[in-house]
Amino acid sequence: MTIRTSITVNSKETSREVEARTLLVHYLREELSLTGTHVGCDTSNCGACTVLLDGEAVKSCTVLAAQVHDCNITTIEGAAQADGSFSSVQEGFRQEHGLQCGYCTPGMIMASTALLAENPNPSEEEIRHALEGNLCRCTGYEMIVNAVRWAAEHPSFTSGGAK
Amino acid sequence: MIPAQFDYVEATSVADAIRLLAEHGDEAKLLAGGHSLIPLMKLRLVTPATLIDVTHIKELSYIKEDGNNIVIGALTRHRDVEQSELVKKHLPLVAHVAGEVGDPQVRNRGTIGGSLVHGDPAADLPAAALATGATMVIAGQNGERRIAAQDFFVDFLETAVQPGEILIAIEFPKHTNAGWAYEKFVRRAMDYAIVGVALQLGTKPGVALVNMSNKPHLAESASQAIAKGAAIGDVLAVINDNTNPPEDLNATVEYRQHLARVLTQRAFATASK
């Protein structure tokens, strides 16, 4: 069975005829070619596929595209500021070297963005708790926590243009 | 992993969902947050012919006070239960347990009703429903019926919800200003409990165990002992009565029973503070 689903992704309206079983992550990667959202474990454990659904972090491998008809999705491609400069969270990961291989990074950044929208000044413990659904096999998390703290301390960061 | 093919229909109200269930029969499954169902469908352990999406039925997402009860709509998300001032005040155990489910992303999507009807003995919320003495409200073509939590869980992943029916609300008796604790033993933050203990003290005490039976388990002997004011040693002596814990890579039967005793003792220490 195919269905017509319309989803606003990174402020752009999209509409596709897709199979009912299409997962949101496949809609993003295969229909829209937004491959910044990664498929990691594919079992809703690792958080690599995290995107924002109406501003809240969700795992796009466990949501059907059909379920988010008429909703707003933000992916890592939509994380930067309007002028193209990094968001505070993205810059935080750069400043504090919050990544090594980078596979988990899009999910980490989206989950961190959701955290800071709700709690602009989280403690280390709150950061660790908020990122419990995102796995990183490289960093040991220390630098990721530092990256989120950097973002919290620089809420109005701007580089003044695209990197 | 991609689920097998299915037909997809959206229900816009409870009446609509009941009509669609009747129309599509036994091969249809209700889809709420999808965080239990979709993983099973991706593994093709479940292959429903039709998914009836109830995600957008607004009338089933609420938390309200009703006399001596707090009533929570079946489609209320874990996150909303966790953060509700009403639940935190009158059912702190339930608010806390909702915040222990999975991780933030899961709690943003998963619903209390979805978690309960899934009937997983390793899940957190069924234990909280048992310990607090909740009542399930189920709707079908013949109207509504109510069933106590301890009769609701029938077997592994099986509840009293019959074909054609939908869980619409959960009625929790208030446990205001009463001691409580939830002890969850896990190896990683977002894992299912290897063993968990939900303890509610006060005038209507109850203790329920996670992952200690083929279904969510109310420790009846222990709950009765607590109600009679038994000493902790006497409660621990009967905490494993009628349990039937699984044996797996994480723990043997004996180790799970040991954990149940240790965690119950810890829960008492916390709840009595």
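**Exercise 1. Burial and overall form of chain B**

Work out what share of the residues of chain B count as buried, then look at the chain's overall form.

*Solution.* Start with the cut-offs: a residue is buried if 20 or more other C-beta atoms lie within 10 Å of its own, exposed if 12 or fewer, and partly exposed in between, with C-beta atoms placed from the backbone. By that count, 50% of the 273 residues of chain B are buried. Keep in mind that this is a predicted model, in which local features need pLDDT of at least 70 and side-chain atom pairs count only at pLDDT 80 or more, while totals for chains, interfaces and linings use all residues. Residues are numbered from 1 along each chain as its sequence is written, and chains are lettered from A and ligands numbered from 1 in the order in which they are written.

Next, turn to the radius of gyration, taken over C-alpha atoms; the globule rule is 2.2 Å times the number of residues to the power 0.38. For 273 residues a compact globule would come out near 19 Å, and the 18 Å of chain B agrees with this. The C-alpha trace spans about 55 × 45 × 30 Å along its principal axes.

**Exercise 2. Two buried loop residues**

Find which loops of chain B hold B:Ala11 and B:Met190, and list what each residue touches.

*Solution.* Helices (H or I, at least four residues) and strands (E, at least two) are DSSP runs, numbered from the N terminus. B:Ala11 lies in the loop between β1 (7-10) and α1 (14-24) of chain B. With 21 other C-beta atoms within 10 Å, B:Ala11 is buried.

Contact means that the C-beta atoms of two residues, placed from the backbone, lie within 7 Å. Setting aside residues up to four places away in sequence, B:Ala11 touches several residues, including B:Asp16, B:Leu20, B:Ile52 and B:Ile57.

Now go to B:Met190, in the loop between β11 (180-185) and β12 (195-200) of chain B. This residue is buried too, with 20 other C-beta atoms within 10 Å. Leaving out neighbours within four places in sequence, B:Met190 contacts A:Asn45, A:Glu132 and A:Gly133 from chain A, and B:Gly102 and B:Asp103 from chain B. The C-alpha atoms of B:Met190 and B:Val101 are 7.5 Å apart, with their positions 89 residues apart along the chain.

**Exercise 3. Where chain A meets chain B**

How many residues does each chain bring to the contact, and which element of chain A gives the largest share?

*Solution.* Chain A brings 22 residues and chain B brings 22 residues. On the chain A side, the largest share is four residues, from strand β4 (residues 56-59). To sort that side by class, count Ala, Val, Leu, Ile, Met, Phe, Trp, Tyr, Cys and Pro as nonpolar, Asp, Glu, Lys and Arg as charged, and the others, Gly among them, as polar. The result is nine nonpolar, eight polar and five charged residues.

**Exercise 4. The domains of chain A**

Locate the two domains of chain A and describe how they meet.

*Solution.* Domain bounds come from an automatic or database domain assignment, which gives domain 1 (2-77) and domain 2 (88-153) for chain A. Their centres, taken over C-alpha atoms, are 21 Å apart. The contact takes 16 residues from domain 1 and 13 residues from domain 2. On the domain 1 side, β3 (50-53) and β4 are the elements that give two or more residues, and β3(A) gives the largest share, three residues.
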